[in-house]
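Welcome! Please take a moment with the sequence and the model before reading on. The notes below walk through the structure one part at a time.

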Amino acid sequence: MVRLSPVSAISAIESLTGMEEFKAFCARLAQLPENIKGLRLERVPLSNLIFAVSPGTGATMHIRMLTSLIKELKLMQFVGEEDFFEWVLPDENDGIEKLILRTQRAGGFYGDFRGVLGLDISPLLEGKEEVPPLGRLMEFVESKKGRILFVFMIPLKTRPSLQGQLVGRFASYSPVELIRMPFP
């Protein structure tokens with residue numbers, strides 16, 4: 001993976017076709033002060049994200065670009081064998097246990113992964129009219145606050161009312177921002 005400087009990372013993001021909400025979010029990140037004392041105290045100024053994505057929009061690529069930007073801007077302390085990984089959560093009960101193990105392994109020797117986690121929760125929403133119980137997932141998010149930036153991926157076609165319910169549910173545990181990423 002090519003490491004980008006903050007200038008080239010934001011330039012690469014700005015050159016994307018469409019994706020205006022994503023580009024605006026990244027531009028706001030680039031304007032944050034470089035040395036935020038709260039980072040040393042694990043008071044990350046970053047909200048977790050919900051990406052409402054269309055198939056084929058390159059959500060993984062966008063999360064990698066975001067990860068590079070965050071790392072280069074020193075907005076988060078990265079620890080572990082990797083900076084980013086992606087996980088599909090097909091079932092909260094079994095899936096969360098596997099996710100916890102995967103997160104520990106990604107932390108390397110000490111098992112303390114700090115980075116960006118792209119978490120596809122689309123399977124949990126299929127055919128649902130309201131947000132399914134996400135207690136275990138929310139406990140995990142809360143326990144990792146400030147150490148992992150969660151990027152939850154949901155289908156763009158998810159009803160606006162369900163998107164709003166998700167934002168409310170996640171925001172009750174940790175700050176969250178919804179970014180719609182339609183196909184350009």
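Two residues are said to be in contact, or to meet, when heavy atoms of theirs lie within 4.5 Å. Keep that in mind as you read, and remember too that this is a predicted model.

## The overall layout

Let us begin with the whole chain. The protein contains 7 helices and 5 strands. Starting at the N terminus, these elements follow one another in the order α-α-β-α-β-α-β-α-α-β-α-β.

How much of the protein is buried? Of its 184 residues, 46% are buried. Contacts also reach across the sequence: among those between residues at least 6 apart, 79% join residues at least 24 apart.

## Helices H2 and H3

Helix H2 covers residues 20–30, and helix H3 covers residues 59–72. Their axes come within 11 Å and cross at roughly 10°. Angles under 35 degrees count as roughly parallel, and H2 and H3 are therefore roughly parallel to each other.

Which residues of H2 and H3 meet? From H2 come Phe22, Phe25, Cys26 and Leu29, and from H3 come His62, Leu66, Leu69 and Ile70. Sorted by character, the residues of this contact between H2 and H3 are 7 nonpolar and 1 polar, with no charged ones.

## Helices H4 and H6

A second pair of helices is H4, residues 92–106, and H6, residues 135–143. The axes of H4 and H6 come within 9 Å, with a crossing angle of roughly 25°. H4 and H6 are therefore roughly parallel to each other as well.

On the H4 side, the residues involved are Glu92, Ile96, Glu97, Leu99, Ile100 and Thr103; on the H6 side, they are Gly135, Arg136, Leu137 and Phe140. The contact of H4 with H6 is made up of 5 nonpolar, 2 polar and 3 charged residues. Charged residues thus appear in the contact of H4 with H6, while the contact of H2 with H3 has none.

## Aromatic rings

Now for the rings. The structure has 5 aromatic pairs. One of them joins Phe22 and Phe51 in an edge-to-face arrangement, with 5.9 Å from centre to centre and 90° between the planes. This pair brings together distant parts of the chain, since Phe22 is in H2 and Phe51 is in strand S1 (residues 48–53), 29 residues apart. Are these two residues buried or exposed? Phe22 is buried, at a relative accessible area of 0%, and Phe51 is also buried, at 0% relative accessibility.

Phe150 and Phe152 pair in another way: their ring centres are 5.7 Å apart and their planes are at 5°, so this pair is stacked. Phe150 counts as buried at 0% relative accessibility, and Phe152 is buried with a relative accessible area of 1%. Ring pairs also link Phe150 and Phe152 with Phe140 and Phe170 into a cluster. Phe140 has already appeared above, as one of the H6 residues that meet H4.

## Charges over rings

Two rings have a charged side chain over them. The charged end of Lys71 sits over the ring of Phe78, 5.8 Å from the ring centre. In a similar way, Arg102 lies over the face of Phe85, at 4.2 Å from the ring centre.

## Two loop residues with positive phi

Most residues other than glycine have a negative phi. Met19 has a phi near 55°, which is positive, and Lys74 has a positive phi near 60°. Where are they? Met19 is in the loop between helix H1 (6–14) and H2, and Lys74 is in the loop between H3 and strand S2 (84–88).

Met19 counts as buried, at 5% relative accessibility. Along the chain, Met19 and Met181 are 162 residues apart, yet their C-alpha atoms are separated by 5.5 Å.

## Val176 and its surroundings

Our last stop is Val176, in strand S5 (residues 176–181). Val176 counts as buried, at 16% relative accessibility. In sequence, Val176 and Ile50 are 126 residues apart, but from C-alpha to C-alpha they are 7.1 Å apart.

What does Val176 contact, leaving aside its neighbours within four places in sequence? The residues are Ser47, Asn48, Leu49, Ile50, Val167, Phe170 and Ala171. Phe170 is also part of the cluster of rings described earlier.

How values were computed:
Residues are numbered from 1 along each chain as its sequence is written. This is a predicted model: local features need pLDDT of at least 70, side-chain atom pairs count only at pLDDT 80 or more; totals for chains, interfaces and linings use all residues. Side-chain values use heavy atoms; hydrogens and water are left out. Axes are lines fitted to C-alpha atoms, for helices over the stretch in contact, and angles run from 0 to 180 degrees between N-to-C directions. Helices (H or I, at least four residues) and strands (E, at least two) are DSSP runs, numbered from the N terminus. Angles under 35 degrees count as roughly parallel, over 145 as roughly antiparallel, 65 to 115 as roughly perpendicular and the rest as oblique. Ala, Val, Leu, Ile, Met, Phe, Trp, Tyr, Cys and Pro count as nonpolar, Asp, Glu, Lys and Arg as charged, and the others, Gly among them, as polar. Rings of Phe, Tyr and Trp (its six-membered ring) pair if their centres lie within 6.5 Å; planes under 30 degrees apart count as stacked, over 60 as edge-to-face and the rest as tilted. Buried means under 20% relative accessible area, exposed over 50%, partly exposed in between (1.4 Å probe, protein chains only). A charge sits over a ring if NZ of Lys or CZ of Arg is within 6 Å of the ring centre and within 35 degrees of the ring normal.
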